[in-house]
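Me: Hey, could you walk me through this protein? I'm new to reading structures, so plain words please.

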Amino acid sequence: SGATGMDALDRFKSGDVEVWQADYQCRTPEGGIRWVSDVAVPLREASGHIYGALGILQDVTDRVQREQALQEMQA
């Protein structure tokens, strides 16, 4: 949590990760909470230099809510 796309780019450039994955909690304009999954890969020049990242954001709120409900039932 608290991670950003710039964190992913920094991690790619340092060689820490080859694929970035993070889940973020976002507030909607109406004040609701949604969960977003961010998956990204580095964009490389022919020389191997990383100049950016290509990512996909997906709303995973339903999945997170189901996981939370299951954890509560098992507690």
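Reply: Sure, here is a chat about the overall fold, then the charges, then a few single residues. Keep in mind that this is a predicted model.

Me: Okay, what secondary structure does the protein chain have?

Reply: You'll find two helices and three strands in the protein chain. Going along the sequence, the order is α-β-β-β-α.

Me: And is the chain a compact globule or more spread out?

Reply: More spread out, because its radius of gyration is 16 Å, and that is well over the 11 Å the globule rule gives for 75 residues. If you put a box around the C-alpha atoms along the principal axes, the box is roughly 50 × 30 × 15 Å.

Me: How much of the chain counts as buried?

Reply: Of its 75 residues, 23% count as buried. The accessible surface of the protein chain is about 5500 Å², and carbon and sulfur atoms account for 52% of that surface.

Me: What about contacts between residues far along the sequence, what share join residues at least 24 apart?

Reply: That share is 22%, taken among contacts between residues at least 6 apart in sequence.

Me: Switching topic: how many positive and negative side chains are there?

Reply: The protein chain has 7 positive and 12 negative ones. The centres of the two sets lie 1 Å apart.

Me: Why would charged side chains pair up at all?

Reply: Side chains with opposite charges can pair when their charged atoms come close.

Me: So how many salt bridges does the count come to?

Reply: The count is four salt bridges. One of them is between the side chains of D23 and R63, with N to O at 3.1 Å. D23 sits in strand 1 (residues 20-27) and R63 in helix 2 (residues 61-74), so this pair ties together parts that are 40 residues apart in sequence.

Me: Are those two buried or exposed?

Reply: In between, as it turns out. D23 counts as partly exposed at 25% relative accessibility, and R63 is partly exposed too, with a relative accessible area of 31%.

Me: Which other residue does R63 form a salt bridge with?

Reply: That would be E67, where the closest N and O atoms are 3.3 Å apart. Both R63 and E67 are in helix 2, four residues apart, which is about one turn of the helix. E67 is partly exposed, with a relative accessible area of 39%. Through shared partners, salt bridges join D23, R63 and E67 into one network.

Me: Nice. What does R34 pair with?

Reply: The side chain of R34 meets that of D59 in a salt bridge, 2.9 Å from N to O. R34 lies in strand 2 (residues 33-44) and D59 in strand 3 (residues 50-59), so the pair ties together parts 25 residues apart in sequence. R34 is partly exposed at 33% relative accessibility, and D59 is partly exposed at 44%.

Me: Let's leave charges. Where is L9 found?

Reply: L9 is in helix 1 (residues 5-14). With a relative accessible area of 14%, L9 is buried, because buried means under 20%.

Me: What does L9 touch, leaving out residues up to four places away in sequence?

Reply: L9 touches I50, G52 and A53. As for L43, it is 34 residues from L9 in sequence, and the two are 9.6 Å apart in space, C-alpha to C-alpha.

Me: And W20, buried or exposed?

Reply: W20 counts as buried, at 7% relative accessibility. You'll find W20 in strand 1. From W20 to D38 is 18 residues in sequence and 7.5 Å in space, going C-alpha to C-alpha.

Me: One last residue: which element is Q68 in?

Reply: Q68 is in helix 2. Q68 is partly exposed, with a relative accessible area of 38%.

Me: How far is Q68 from I56?

Reply: Their C-alpha atoms are separated by 24 Å, and the two residues are 12 apart along the chain.

Me: Can you give me a quick recap to put in my notes?

Reply: Sure. The chain follows the pattern α-β-β-β-α, D23, R63 and E67 are joined into one salt-bridge network, and L9 and W20 are buried.

Definitions and conventions: Residues numbered from 1 in each chain as written. Predicted model: local features only at pLDDT ≥ 70, side-chain atom pairs only at ≥ 80, totals over all residues. Heavy atoms only, no water. Rg over C-alpha atoms; globule rule 2.2 N^0.38 Å. Buried < 20%, exposed > 50% of the residue type's maximum accessible area, 1.4 Å probe, protein only. Contact = heavy atoms within 4.5 Å. Areas by Shrake-Rupley, 256 points an atom, 1.4 Å probe, with all protein chains shown as cover. Lys, Arg positive; Asp, Glu negative; His and termini not counted. Charge placed at Lys NZ, Arg CZ, Asp CG, Glu CD.
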